[in-house]
Amino acid sequence: MNYTSTRSTSKNYVSAAMAIKNGLADDGGLYMPTEIPKLTEKDIESLKNMGYAERAAFIMSKFLSEYSYEELLFDCENAYSEERFPGGAAPIKNIDGNVYSLELWHGPTCAFKDMALQIMPRLLSRALEKTDEKRTALILVATSGDTGKAALEGYKDVDRIKIKVFYPVDGVSRVQKLQMATQEGSNVDVCAIEGNFDDAQNGVKAIFGDTDFSRELNEKGTFLSSANSINWGRLVPQVVYYVSAYCDMLKNNELSYGEKIDVCVPTGNFGNIFAAYIAKLMNIPINKLICASNKNNILTDFLKSGTYDRNRSFYTTISPSMDILISSNLERLLYLVCGSEKTALYMKELKENGKYTLAEEDFAKIKENFFGYYCDEENTKNTIKYTFENHGYLIDTHTAVGYSCALQYLKETDSKTKIILASTASPFKFASDVYQAISGKAPKNELSALNELSEISNEPIPKPLDKIGERKIRFSDVCKPSDMKKTVLEFSQK
């Protein structure tokens, strides 16, 4: 299995290990496999009877050809162990008879990013060996809240790898900020920036694109790589849980083989829903993909009009991990739909004008598979309250956006197809807003909200979040976006 850039018209292919090591292609494009492997009915029948780690190793082996199945199984068994994911990695729970919650937040940081970022460091470590790399890898991450902590936790104290995380100083929840500020590990660093997530992401992309800076780091024995979903090593583990969810529903007799499902994903960067699309291309019977957005509804507008326009107001919401106006992984969908030449032109237009409009034939292909809906702040709160009071199920602010959009889709289409809803974070990660939505009262403060939510819901606080306010603060730096490169250089020399 070879990999190519979403913007490349040449046949300069790289291996999976090289794609994971590099993170981003030299031309600024994202790596994609040259083909999408297919699962047979026999494969799915076998997967149905496997545990999560076995499923993950089997599916990833289809994409990562120079990694042996034995290597992948060893790494997956460690990454998705009972210790890291108590009770199982990605359980499914029925909410209302038609919508099933795929709980992706049972890992060490209580967010779906753990599903990829517990295995990705192992994939990168092996990539360094397989490519005979002697330098130290410096991982740069821009986060809207969850990726940063999950990456820090996954990469902490990993040999020959350093990791630095940037987050918007006022764009994450109190709990998310504390999770990053108190992170342990000798090879980690965290810095807030004055700006929003897109400022952080643009700053990281600019650093990756600075050849002089890369040359300077190289002279010091260091190279840059990424843990964001622009890295294929981050995205391919996300494909696994959609395949696994379908297999679990077969195993539990919730579906018969070949019966189609819809998938609804709350997303800002488009990576999580794109992973579901890859699962569909692998022959998982997924019918429609419902893209759920918050008030920053750039993806909703795109999926309704065919125009992607980031020249708009940016909103800080109670679902901060979706507060994004530059959806990087949309580029991968464009590549599959219209090829690398057109994708490069669309991305050039986006860079120069802040927007692009798809050709009619390209937009038609996307509309065959994707629906877009959004949920504003008031409806997010109402959905949390409704779900708790009517179904006895506690959801966070991002899952609430997804559930609201799933209900909109069902009402609009009158569909009877079962829906898998990606539940992306523990409600306790956003305890203050969840508590307020249910009770109608503000908590005493953002940290007391953990206990107050536990009391009102009769649900225990997840261990990774319990007593988080008592942990020692290690990182409190704040910088301007223009100073990000300077802080990276300083960290690389420590």
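User: In what order do the six strands of the open sheet with mixed pairing stand?
Analyst: This is a predicted model, in which local features need pLDDT of at least 70 and side-chain atom pairs count only at pLDDT 80 or more, while totals for chains, interfaces and linings use all residues. Residues are numbered from 1 along each chain as its sequence is written, and side-chain values use heavy atoms, with hydrogens and water left out. Strands are DSSP runs (E, at least two residues) and helices are DSSP runs (H or I, at least four), numbered from the N terminus; two strands pair if DSSP finds at least two bridges between them. The six strands stand in the order 3-4-14-9-10-13.

User: Which strands stand at the edges of this sheet?
Analyst: An edge strand here has a single partner strand, so one side of it is left without a neighbour in the sheet. The strands in that position are strand 3 (92–94) and strand 13 (370–374).

User: At about what angle to strand 10 does helix 12 run?
Analyst: Helix 12 (residues 271–281) lies across strand 9, strand 10, strand 13 and strand 14 (419–423). Axes are lines fitted to C-alpha atoms, for helices over the stretch in contact (heavy atoms within 4.5 Å), and angles run from 0 to 180 degrees between N-to-C directions. Helix 12 runs to strand 10 at about 175 degrees.

User: Which residue of strand 10 stands opposite P266?
Analyst: Strand 9 (residues 261–266) and strand 10 (residues 286–293) run parallel and are joined by five bridges. Opposite P266 in strand 10 stands A292.

User: In the open sheet of five strands, which are the edge strands?
Analyst: The five strands follow the order 8-5-6-7-15, with parallel pairing. Each edge strand pairs on one side only. These are strand 8 (222–226) and strand 15 (478–479).

User: Which residue in strand 6 is the bridge partner of L140?
Analyst: Strand 5 (residues 136–142) pairs with strand 6 (residues 161–168) in the parallel sense, over six bridges. The partner of L140 in strand 6 is K164.

User: How many residues apart are R55 and D248, the pair that links distant parts of the chain?
Analyst: R55 and D248 form a salt bridge (a side-chain nitrogen of Lys or Arg within 4 Å of a carboxyl oxygen of Asp or Glu), with the closest N and O atoms 2.9 Å apart. R55 lies in helix 3 (residues 52–63) and D248 in helix 11 (residues 232–251). Their separation along the chain is 193 residues.

User: Is R55 buried or exposed?
Analyst: Buried means under 20% relative accessible area, exposed over 50%, and partly exposed in between, with a 1.4 Å probe and protein chains only. R55 has a relative accessible area of 3%, so R55 is buried.

User: Are D414 and K416 buried or exposed?
Analyst: The side chains of D414 and K416 meet in a salt bridge at 3.2 Å, N to O. Both residues of this pair are exposed.

User: Which residues join in one network through salt bridges that share partners?
Analyst: R126 lies in helix 6 (residues 120–130) and is buried, with a relative accessible area of 18%. Beyond its neighbours within four places in sequence, R126 is in contact with Y67, E71, F74 and D75. The network consists of E71, D75, R126 and K130.

User: What share of the 494 residues is buried?
Analyst: The protein chain has 20 helices and 15 strands. Its C-alpha trace spans about 60 × 50 × 45 Å along the principal axes. The buried share of the 494 residues is 61%.
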